[in-house]
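Visitor: I am new to this structure and should like to learn how to read it. Might we go through the features in turn, beginning with a sheet?

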Amino acid sequence: MRQAIAKRCEVNLEYFAESRNETSRRPVRPRALRYANGHWYLSAFCLTRNDDRFFRVDRIVEAKLTDRSFDPLPPERRGEDPRANLEPGEPPPPPKDPNFMPARLRLTGGPVIRYAQERFGASAVDVQDEEHAVLTLTGPADAWTVSFALSFGGAAELLGPALLRQQTHDRLKQTLQVYEGR
């Protein structure tokens with residue numbers, strides 16, 4: 001997808017629409033990859049619908065790069081609100097926050113590092129050695145981030161922002177209290 005975006009090449013997608021429980025084929029003109037609410041989305045102009053759409057990346061069954069190129073968006077379309085063209089049930093991209101601080105997680109173990117590279121892309125993972133890396137999440141730092149970090153047990157430590165570290169501490173403390181019968 002990154003290559004298609006950079007070269008402005010059309011892509012033939014096979015896409016699973018969960019809301020309709022069906023797979024369809026559609027040619028698209030990829031614009032950008034965006035992260036929102038724990039998922040990556042492809043922002044693209046869908047030639048089938050003749051409109052801008054968001055495609056959840058984990059629902060793309062197959063993507064074939066074509067040799068058909070396209071022109072960039074005209075200036076009057078660049079500022080268009082992407083929320084107006086969401087598929088039913090798809091979450092909107094997060095609003096831009098001037099005080100945004102990305103969540104960072106320290107990962108331990110080769111399998112965890114490989115999973116993070118596959119899910120978020122190699123550029124999101126700063127590999128320090130075979131067993132240690134730091135994952136930077138570009139989406140909203142929220143309760144999903146805390147749950148995501150905790151899902152790895154001891155193989156992920158939330159480094160920041162501080163508010164999420166505190167939420168993680170509180171959730172772990174509550175869990176421990178349940179197991180201790182308090």
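Guide: Certainly. A sheet may be read by the order of its strands and the sense of their pairing. In this predicted model, one open sheet has four strands in the order β7-β8-β6-β9, and the pairing is antiparallel.

Visitor: Which strands are the edge strands of this sheet?

Guide: They are β7, residues 125–129, and β9, residues 156–160, each of which pairs on one side only. On average, and with direction ignored, neighbouring strands in this sheet are turned by 20° against each other.

Visitor: How many bridges join β7 to β8?

Guide: There are four bridges between β7 and β8, the latter spanning residues 132–137, and the two strands run antiparallel. As a particular case, Asp126 has Val134 of β8 opposite.

Visitor: Which strands does helix α3 touch?

Guide: Helix α3, residues 110–120, packs on the sheet and touches β6 (103–108), β7 and β8. The direction of α3 makes about 160° with that of β7. Helix α4, residues 143–150, also packs on the sheet, where it touches β6, β8 and β9. Between the directions of α4 and β9 the angle is about 145°.

Visitor: How should I place these elements within the protein as a whole?

Guide: One may count the elements and then follow them in sequence. The protein has five helices and nine strands. Along the sequence, they follow the pattern α-β-β-β-β-β-α-β-α-β-β-α-β-α.

Visitor: What is the order of the strands in the open sheet of five?

Guide: The order is β4-β3-β2-β1-β5, again with antiparallel pairing. Here the edge strands, each pairing on one side only, are β4 (51–56) and β5 (60–69). Neighbouring strands of the five-stranded sheet are turned by 45° against each other on average, direction ignored.

Visitor: Over how many bridges do β3 and β4 pair?

Guide: Strand β3, residues 39–46, pairs with β4 over six bridges in the antiparallel sense. Within this pairing, Leu42 stands opposite Phe55 in β4.

Visitor: Let us turn to single residues. Is Ser24 buried or exposed?

Guide: The test is relative accessible area, and a residue counts as buried under 20%. Ser24 has a value of 19% and is therefore buried. Its place is in strand β2, residues 22–36.

Visitor: Which residues does Ser24 touch, not counting those up to four places away in sequence?

Guide: Ser24 touches Leu13, Glu14 and Tyr15. In addition, the side chain of Ser24 makes a polar contact with the side chain of Arg26, at 3.4 Å.

Visitor: Why does Gly154 count as exposed?

Guide: A residue counts as exposed over 50%. Gly154 is exposed because its relative accessible area is 77%. This glycine is found in the loop between α4 and β9. Gly154 and Thr108 are 46 residues apart in sequence, and their C-alpha atoms are 8.1 Å apart in space.

Visitor: What may be said of burial and contacts for the whole protein?

Guide: Of its 182 residues, 37% count as buried. The protein exposes about 11000 Å², of which carbon and sulfur atoms supply 50%. As for contacts between residues at least 6 apart in sequence, 55% of them join residues at least 24 apart.

Definitions and conventions
Residues are numbered from 1 along each chain as its sequence is written. This is a predicted model: local features need pLDDT of at least 70, side-chain atom pairs count only at pLDDT 80 or more; totals for chains, interfaces and linings use all residues. Side-chain values use heavy atoms; hydrogens and water are left out. Two strands pair if DSSP finds at least two bridges between them. Axes are lines fitted to C-alpha atoms, for helices over the stretch in contact, and angles run from 0 to 180 degrees between N-to-C directions. Contact means heavy atoms within 4.5 Å. Buried means under 20% relative accessible area, exposed over 50%, partly exposed in between (1.4 Å probe, protein chains only). Accessible areas come from the Shrake-Rupley method with a 1.4 Å probe; for residues, only the protein chains shown count as cover. A polar contact is a pair of N or O atoms within 3.5 Å; within protein, one must be able to donate a hydrogen and the other to accept it, and residues adjacent in sequence count only if both atoms are side-chain atoms.
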